[in-house]
Amino acid sequence: MCRSKGLERARCQGTAAAVQGGSQPCAGLRGRLQLLTGWARCSVLVTSAKADRCWKDKVTTLSKAQDAHTPKSRGLPRFLPGAPDPEQNPNPGNPEWQPGLTPPRSFLPTVCLPPGLEYLSQLDLIIIHQQVELLGMILGTETSNKYEIKNGLGQRIYFAVEESICFNRTFCSTLRSCTLRITDNSGREVITVNRPLRCNSCWCPCYLQELEIQVPPGTVVGYVAQKWDPFQPKFTIQNANKEDILKIVGPCSTCGCFGDVDFEVKTMNEKLTIGKISKYWSGFVNDVFTNADNFGIQVPADLDVTVKAAMIGACFLFDFMYFEHSLAGL
């Protein structure tokens, strides 16, 4: 290859000299075409050699500059954030995680929402509307409560039904034990609220009201427990281990005449209010002659869904304790 390039370069030099000096004149049109062809091939070879040399020099310069300014990466190319460093792997021959070792963060399961509560995680306003029971209005007896749970636009997202026996509703009235089952629009049960038979008196500091929240049904995630106070309604929201995480403080008077009744949701030191549970005023006729009540829950949208489920259960408890009344006693 080197020899052929030398011959071509010599031929080009000879052709150029012939054209410039005119020492070897070409006779006829054929000679002129040969001279022009040799000159063109010479120009192409020289230009190609210069361009190739320039490109190699440029690539070498850029590679040296990049190596000088870029630190060496300890990880592998396309290494995912949060995965372990290969150089720190105690078992480089087997990169797979072994039982008994602490798994890397990238292998740990992510926090999943309970089934059926995905939409609840996006809401900052929850409306609870109790349905009017015509049989209770006519006979003046207690019937099983039914509630519609809606978003801020009034669209129903869940439906709650009370399960209790007639004996408890008749003789225990608002203190009755019951179970409220909350289902989504497809009929799947997503939340279960259990209420045992408990006392409800500001003079009795023991065996106070309590709710158990199960999400999904069968898995206890929290409680709503009443705290004794002779002047104000006070409750705490607890986790599955019965540790207090939030406090609910109500007004001194819960009669709600011609106005809303607000229960503020606060931190345990009561210095910060993060939301509230409101019993809406729905008119004189509705509040006096029916048991249908409307509640609203205002919370941060990013609040844990299990805490939101506990606050829904707290609405049911407040309805039983303060706003449920028997028409037979009017």
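Two strands are taken to pair if DSSP finds at least two bridges between them. Helices (H or I, at least four residues) and strands (E, at least two) are DSSP runs, numbered from the N terminus.

**Figure 1. Twelve strands of the predicted model close into a barrel**. The strand order is β1-β2-β3-β4-β5-β6-β7-β8-β9-β10-β11-β12, and the pairing is antiparallel. From one strand to the next the twist averages 20°; axes are lines fitted to C-alpha atoms, for helices over the stretch in contact, and angles run from 0 to 180 degrees between N-to-C directions. The protein chain has six helices and twelve strands. The model is predicted, and local features need pLDDT of at least 70, side-chain atom pairs count only at pLDDT 80 or more, while totals for chains, interfaces and linings use all residues. Residues are numbered from 1 along each chain as its sequence is written, and side-chain values use heavy atoms, with hydrogens and water left out.

**Figure 2. Burial, contacts and surface of the protein chain.** Of the 330 residues in the protein chain, 35% are buried; buried means under 20% relative accessible area, exposed over 50%, and partly exposed in between (1.4 Å probe, protein chains only). Among contacts with a separation of 6 or more, 42% are between residues 24 or more positions apart, a contact being heavy atoms within 4.5 Å. The accessible surface comes to about 20,400 Å², and carbon and sulfur atoms contribute 59% of this area. Accessible areas come from the Shrake-Rupley method with a 1.4 Å probe; for residues, only the protein chains shown count as cover.

**Figure 3. Strand β12 and its two neighbours, β1 and β11**. Strand β1 (residues 125-130) pairs with β12 in the antiparallel sense over five bridges. His129 has Asn294 of β12 as its bridge partner. The pairing of β11 with β12 is likewise antiparallel, over five bridges, and Asn294 is the bridge partner of Tyr280. Strand β12 is mostly covered, with four of its five residues buried.

**Figure 4. Strands β6 and β7 and the cis peptide bond in the loop between them**. These strands pair in the antiparallel sense over five bridges, and Glu210 has Ala225 in β7 as its bridge partner. Pro216 lies in the loop between β6 (210-214) and β7 (220-227). The peptide bond that joins Val215 and Pro216 is cis, with omega about -10°.

**Figure 5. Helix α6 packs on the sheet**. Helix α6 touches β1, β2 (146-150), β3 (156-163), β4, β5 (189-195), β6, β7, β8, β9 (244-249), β10, β11 and β12. The direction of α6 makes about 150° with that of β8.

**Figure 6. Aromatic pairs between helix α6 and strands β8 and β12**. The structure holds eight aromatic pairs; rings of Phe, Tyr and Trp (its six-membered ring) pair if their centres lie within 6.5 Å, and planes under 30 degrees apart count as stacked, over 60 as edge-to-face and the rest as tilted. The ring centres of Phe235 and Phe318 are 4.9 Å apart and their planes stand at 55°, so this pair is tilted. Because Phe235 lies in strand β8 (residues 234-239) and Phe318 in helix α6 (residues 305-323), the pair ties together parts that are 83 residues apart in sequence. Both Phe235 and Phe318 are buried. The rings of Phe295 and Phe323 have centres 5.8 Å apart and planes at 65°, so the pair is edge-to-face. This pair links distant parts of the chain, with Phe295 in strand β12 (residues 294-298) and Phe323 in helix α6, 28 residues apart. Phe295 counts as buried at 2% relative accessibility, as does Phe323 at 7%. Ring pairs link Phe235, Phe263, Phe295, Phe318, Tyr322 and Phe323 into a cluster.

**Figure 7. Charged ends over the rings of Tyr207 and Tyr223**. A charge sits over a ring if NZ of Lys or CZ of Arg is within 6 Å of the ring centre and within 35 degrees of the ring normal. The charged end of Arg198 sits over the ring of Tyr207, 4.4 Å from the ring centre. Over the ring of Tyr223 sits the charged end of Lys242, 4.8 Å from the ring centre.

**Figure 8. Positive phi values at Ser173 and Glu270**. Ser173, a residue other than glycine, has phi near 50° and is found in the loop between α4 (166-172) and β4 (178-184). Its relative accessibility of 24% makes Ser173 partly exposed. Glu270 has phi near 60° and is found in the loop between β10 (261-266) and β11 (273-280). With a relative accessible area of 31%, Glu270 is partly exposed.
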